[in-house]
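Visitor: I should like to go through the terms used for this model and hear the grounds for each.
Guide: Certainly; let us take them one at a time.

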Amino acid sequence: CIAHGTMRAYQLEGLNWMIKLYENGINGILADEMGLGKTLQSISLMGWLLENRGIRGPHIVIAPKSTIGNWMREIRQWCPALKPLKLLGDKHERARCIREDLRDPESFDVCVTSYEGVLKEKGALCKINWSYLLIDEAHRIKNPNSSLSRIVRTIPTQFRLLITGT
């Protein structure tokens, strides 16, 4: 699935570790330091699932609002076979996205949204059976009593991957 460029040895090692987690039915935490390519490794896992298991998703990536554009770019760059959908914007844009895009499983493989998006659109997101739920900067859910932490635990998914550099 890697379209342009090659992964470094430690990134391939991380991908292989995540594949082993998947094959053994285990959730995981990818906790590399900043700048080591956690986003690329996570996208590669979704690409591997598509190419080797025929699993298009749907996957959901929950990330800080400031990184949503980067996630969209990286998915398109590194794995153009995956169709990303951005769930972000004002109330009307999010409603349009839910009404038109989220209801059509053929229109996307990966939904990328913010923490705020999850809090505001939990009803719609909880109606979908996700293949993978990925949380970027996952230290944001370390307080089990926070609203975000409680809500992400209610989202139906087969697997969870927490991503953090902290």
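Visitor: Which residue is the bridge partner of I29 in β6?
Guide: In this predicted model, I29 is matched with L162 of β6.

Visitor: What makes β1 and β6 a pair?
Guide: Pairing requires at least two bridges between the strands. β1 and β6 are joined over 3 bridges, in the parallel sense, so the requirement of at least two is met.

Visitor: In what order do the strands of the sheet follow one another?
Guide: The order is β1-β6-β5-β2-β4-β3, an open sheet of 6 strands with parallel pairing. Its twist averages 20° from one strand to the next.

Visitor: Why are β1 and β3 called edge strands?
Guide: β1 (28–30) and β3 (84–87) each pair on one side only.

Visitor: How many bridges link β5 to β6, and how many link β2 to β5?
Guide: β5 and β6 (residues 157–163) run parallel and are joined by 6 bridges; in this pairing W130 stands opposite T157. Between β2 (residues 59–63) and β5 there are 4 bridges, again with a parallel run. H59 has Y132 as its bridge partner in β5, and I62 has I135.

Visitor: What makes β5 a strand that is largely enclosed?
Guide: A residue is buried when its relative accessible area is under 20%. In β5 (residues 130–136), 7 of the 7 residues are buried, and therefore the strand is largely enclosed by the rest of the structure.

Visitor: Which unit do β5, α7 and β6 make?
Guide: With helix α7 (residues 147–152), the two strands make a right-handed β-α-β unit.

Visitor: How do you know that both faces of β2 are covered?
Guide: In a regular strand, side chains alternate between the two faces of the sheet. For β2, the residues H59, V61 and A63 lie on one side, I60 and I62 on the other, and all are buried. Since 5 of the 5 residues are buried, β2 is largely enclosed by the rest of the structure.

Visitor: Which strand pairs with β2 over 5 bridges?
Guide: That strand is β4 (residues 110–114), paired with β2 in the parallel sense. There, A63 has S114 as its bridge partner.

Visitor: Why are α1 and α2 called oblique to each other?
Guide: Two packed helices are described by the angle between their axes and the distance between the axes. The axes of α1 (residues 9–23) and α2 come within 9 Å and cross at roughly 55°. Angles under 35 degrees would count as roughly parallel, and 65 to 115 as roughly perpendicular; the two helices are therefore oblique to each other. The crossing of α1 past α2 is right-handed.

Visitor: What makes α2 and α3 oblique as well?
Guide: α2 packs against α3 (residues 68–78) at an angle of about 55°, with axes 10 Å apart. The description of α2 and α3 as oblique therefore follows. Their crossing is right-handed.

Visitor: Is S44 buried or exposed, and how do you know?
Guide: S44 has a relative accessible area of 6%. The cut-off for buried is under 20%, so S44 is buried. The residue belongs to α2 (residues 38–53), and a polar atom of its side chain lies 2.8 Å from the backbone oxygen of L40.

Visitor: Why is D109 called buried?
Guide: The relative accessible area of D109 is 2%, and the limit is under 20%; D109 is therefore buried. D109 sits in the loop between α4 (91–102) and β4.

Visitor: What makes the approach of D109 to R56 a polar contact?
Guide: Such a contact needs a pair of N or O atoms within 3.5 Å. The side chains of D109 and R56 are joined at 2.9 Å.

Visitor: Why is E137 called partly exposed?
Guide: Partly exposed residues fall between the limits of 20% and 50%. E137, at 27%, is therefore partly exposed. E137 is placed in the loop between β5 and α7.

Visitor: What sets the backbone at E137 and at P58 apart?
Guide: Most residues other than glycine have a negative phi, and most peptide bonds are trans. E137, a residue other than glycine, has a positive phi near 55°. The peptide bond from G57 to P58 is cis, with omega near 5°; P58 lies in the loop between α2 and β2.

Technical notes
Residues are numbered from 1 along each chain as its sequence is written. This is a predicted model: local features need pLDDT of at least 70, side-chain atom pairs count only at pLDDT 80 or more; totals for chains, interfaces and linings use all residues. Side-chain values use heavy atoms; hydrogens and water are left out. Buried means under 20% relative accessible area, exposed over 50%, partly exposed in between (1.4 Å probe, protein chains only). A polar contact is a pair of N or O atoms within 3.5 Å; within protein, one must be able to donate a hydrogen and the other to accept it, and residues adjacent in sequence count only if both atoms are side-chain atoms. A crossover is right-handed if, with the strands pointing away from the viewer, the path from the first strand over the helix to the second runs clockwise. Axes are lines fitted to C-alpha atoms, for helices over the stretch in contact, and angles run from 0 to 180 degrees between N-to-C directions. Angles under 35 degrees count as roughly parallel, over 145 as roughly antiparallel, 65 to 115 as roughly perpendicular and the rest as oblique. A crossing is left-handed if the near helix is turned anticlockwise from the far one by less than a right angle, and right-handed if clockwise.
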